[in-house]
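Reader: Before we talk, please put the sequence and the model side by side for me. I would then like to ask how some of the labels are justified.

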Amino acid sequence: EHCRQKGILYMPTMWPGFSWHNLKGKSRPVNQIPRLGGDFMWRQAYKYAADSNINTIWMAQFDEVDEATAIMKVAPTDDGNPVDGNFLALDADGQSLPSDWYLRLCGEAQKMLEGNIALSSNIPIQP
C-alpha cells in the first residue's frame with residue numbers, strides 16, 4: 001500500500017532455486033537452495049498472486065545457469081550438462097522434468113497473477 005500511495009511499482013522477485021557453487025567457490029553447496037521440482041518457485045508465485053497489492057513479478061533469471069536460477073530450457077538430466085563446472089540439471093531433486101518446465105511454470109504464474117486461473121498453492125500443471 002505504501003508503494004501505491006507513493007506512485008511506486010512494487011515488483012517482488014521470484015526465482016526457481018540457487019547455488020553459489022560455481023561463482024563463489026567449491027565450498028558452497030551445488031544445490032544450495034533446491035528447486036524442488038518447481039515447488040520452491042510456485043510457493044513464491046502463490047504468495048505474490050494472493051497479495052492484492054502485487055500486480056507485477058520480476059522473474060530472476062532467464063539464463064543464469066551457473067547460479068542455478070535459469071528458467072530457459074535447461075538439461076533435464078546431468079547427462080546433458082557441460083563436463084566443465086557443476087551445473088544443476090532439472091532432475092537434481094529427484095524429479096523427471098521437461099527442459100521447458102520453468103518457462104511453463106512462469107506462464108501459469110502469469111495466468112494466476114492475472115486471475116485467469118484459480119489461486120492455488122499447488123502447481124496446476126503436470127510435467
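Reader: Why is glutamate 108 called buried or exposed?

Author: Buried means under 20% relative accessible area, exposed means over 50%, and partly exposed lies in between, with a 1.4 Å probe and protein chains only. Glutamate 108 has 11% relative accessibility, so it counts as buried. Please keep in mind that this is a predicted model, in which local features need pLDDT of at least 70 and side-chain atom pairs count only at pLDDT 80 or more, while totals for chains, interfaces and linings use all residues. Residues are numbered from 1 along each chain as its sequence is written, and side-chain values use heavy atoms, with hydrogens and water left out.

Reader: What makes the contact of lysine 111 with glutamate 108 a salt bridge?

Author: A salt bridge is a side-chain nitrogen of Lys or Arg within 4 Å of a carboxyl oxygen of Asp or Glu. The closest N and O atoms of lysine 111 and glutamate 108 are 3.0 Å apart, so the pair meets that definition, and the structure holds 1 salt bridge. Both residues lie in helix H4, 3 residues apart, about one turn of the helix; helices here are DSSP runs of H or I with at least four residues, and strands are runs of E with at least two, numbered from the N terminus.

Reader: How do you know whether alanine 68 is buried or exposed?

Author: Alanine 68 has a relative accessible area of 7%, which places this residue in the buried class. Alanine 68 lies in the loop between S2 and H4, and its phi is near 60 degrees, a positive value in a residue other than glycine.
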